[in-house]
Structure formats: C-alpha cells, structure tokens
Amino acid sequence: ATIEASAAAVAAAFRKNLVDPSVSPKNVVKTVLRAREGVIVLYSYIEVPLFSDRDVTTRVARSLDSETGIYRFEWQATDVGPPPVHGVVRLQESSGSWVFTPLADGRTSAVCESHTEIGGVVPAWLVNSFTGDTVVDGLVLLRARVERDKQRMAAESLEQGRGVIP
C-alpha cells in the first residue's frame with residue numbers, strides 16, 4: 001500500500017498504534033509488557049468464535065537503514081510474558097514484518113508480511129480470511145493515525161506561528 005506521508009512519519013504512527021491498547025482488532029485484547037525505543041513486547045489475547053481462544057507474546061524490533069531511510073518493524077513470538085492459560089492455545093509460531101520505504105514523491109510504500117501457525121483444528125481457509133482482514137484493518141488504523149498526526153502538527157504549527165505555544 002502507499003501512504004501519503006514520509007517513512008519517518010509512518011514509522012512513528014505505527015509505533016504509536018503498537019503501544020496503544022485501544023488500537024487492535026475487535027477480537028484482540030492487547031497489553032504492552034515493555035516499550036523501549038527500539039523494542040516492544042506485547043501480549044495479545046485473541047477471542048476465536050467456535051474454537052478455543054488463542055494468546056501470544058510477541059517481541060517487535062524496529063530498525064532504520066540510515067542510507068535508504070527504510071524503517072522495518074519485525075515481530076517474533078517469544079516465551080516472555082504471562083504463563084499459558086488453561087484452555088487457551090498458546091501460539092508458538094508467529095512472525096512477520098512491516099516495512100516502510102520512502103518514495104521519491106514523499107509518500108511511503110508499506111509492505112506487511114505475516115506468518116502464524118494458530119494450532120488446533122481451525123480450517124486454513126478460515127484462518128486466512130481472518131489474517132487478511134487483520135492486515136487491512138491495521139492499514140486503515142495506520143492511515144488514520146498518520147492523518148491525526150498530520151492534523152495535530154499542522155494545528156501546532158499554526159498556533160506557534162501566532163505566537164501561541166500550547
């Protein structure tokens with residue numbers, strides 16, 4: 001997808017969405033276990049209709065290639081976090097990335113790659129339908145955050161231009 005903002009602005013908005021517990025799919029409760037500049041550890045409890053609920057703790061690492069301006073957020077399931085809950089399937093394999101590449105016109109190319117083995121007897125076609133929706137929903141939420149950040153920065157700039165410092 002293409003986003004109407006710089007790669008730095010998109011990466012900053014993506015990080016804000018990661019650490020904001022209210023920004024997650026409807027069936028996911030997200031808890032931030034640790035958030036440092038380059039690493040975030042998240043615990044997610046996933047409600048799955050008709051099947052056992054799932055949970056996973058992921059470690060998300062951010063990197064920047066200073067020569068190309070490409071930001072990369074890579075995640076991997078980890079055993080750090082709360083102990084398994086009886087009756088809930090713990091995801092052992094979950095990994096992927098979001099890559100934000102600056103384009104010559106000031107916009108950003110956003111590419112997501114994700115792989116998750118959800119365990120149990122959930123049919124692959126059902127898993128794939130949820131996964132696709134999750135990526136699209138994440139992109140919608142990211143674009144919305146980018147726009148809010150742009151509007152906030154424009155308002156702050158306007159107020160500072162008038163000599164009013166918020």
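## Contacts around Val 88

Contact means heavy atoms within 4.5 Å. In this predicted model, Val 88 touches Tyr 45, Asp 53, Arg 54 and Asp 55, not counting residues up to four places away in sequence. Val 88 itself belongs to the loop between S5 and strand S6 (89-90).

Is Val 88 buried or exposed? Its relative accessible area is 13%, and the limit for a buried residue is under 20%, so Val 88 is buried. Val 88 and Phe 14 stand 74 residues apart in sequence, and their C-alpha atoms are 28 Å apart in space.

## Overall architecture

The chain contains two helices and eight strands. Their order along the sequence gives the pattern β-α-β-β-β-β-β-β-β-α. The C-alpha trace spans about 60 × 35 × 25 Å along its principal axes.

Of the chain's 166 residues, 31% count as buried. The exposed surface of the chain comes to about 9,900 Å², of which carbon and sulfur atoms supply 57%. Where contacts between residues at least 6 apart in sequence are considered, 48% of them join residues at least 24 apart.

## Nonpolar cores

In soluble globular proteins, nonpolar side chains tend to be buried together. Here the largest nonpolar core has 20 residues, and Phe 100 and Leu 142 are those with the most contacts inside it. Two or more residues of this core come from each of helix H1 (7-19), strand S3 (39-46), strand S5 (70-77), strand S7 (93-102) and helix H2 (124-161). The most is given by H1, with six residues.

Which residues does Phe 100 touch? Setting aside residues up to four places away in sequence, its partners are Ala 7, Val 10, Ala 11, Phe 14, Gly 69, Ile 70, Tyr 71, Phe 73, Thr 108, Ser 109, Ala 110 and Leu 142. Apart from the largest core lies another core, of six residues, including Ile 46, Val 48, Val 56 and Leu 91.

## The cavity

Rolling a probe the size of a water molecule over the atoms shows where empty space is left. The structure holds one cavity of 30 Å³ or more, and the space in the largest cavity is about 30 Å³. Its lining consists of Arg 15, Arg 36, Glu 37, Gly 38, Val 39, Ile 40, Val 60, Arg 62 and Phe 73. S3 and strand S4 (54-65) are the elements that give two or more residues to this lining.

How many of the lining residues are nonpolar, polar and charged? Four are nonpolar, one is polar and four are charged. Phe 73, one of the lining residues, is also among the residues that Phe 100 touches.

## Glu 37

Glu 37, which takes part in the lining of the largest cavity, lies in the loop between strand S2 (28-35) and S3. Why does Glu 37 count as exposed? The relative accessibility of Glu 37 is 53%, and exposed means over 50%; Glu 37 therefore counts as exposed.

With residues up to four places away in sequence left out, Glu 37 touches Arg 15 and Arg 62. Both of these arginines also appear in the lining of the largest cavity. Glu 37 and Glu 147 are 110 residues apart along the chain, and 22 Å separates their C-alpha atoms.

Conventions
Residues numbered from 1 in each chain as written. Predicted model: local features only at pLDDT ≥ 70, side-chain atom pairs only at ≥ 80, totals over all residues. Heavy atoms only, no water. Core = buried A, V, L, I, M, F, W, Y, C linked by side-chain atoms within 4.5 Å. Buried < 20%, exposed > 50% of the residue type's maximum accessible area, 1.4 Å probe, protein only. Helix = DSSP H or I, 4+ residues; strand = E, 2+ residues; numbered from the N terminus. 1 Å grid on protein atoms, 1.4 Å probe; cavity = no way out; pocket = protein on both sides within 12 Å on 5 of 7 lines; lining within 4 Å. Points joined across faces, edges and corners; volume = space filled by probe spheres on them. Nonpolar A, V, L, I, M, F, W, Y, C, P; charged D, E, K, R; others polar. Areas by Shrake-Rupley, 256 points an atom, 1.4 Å probe, with all protein chains shown as cover.
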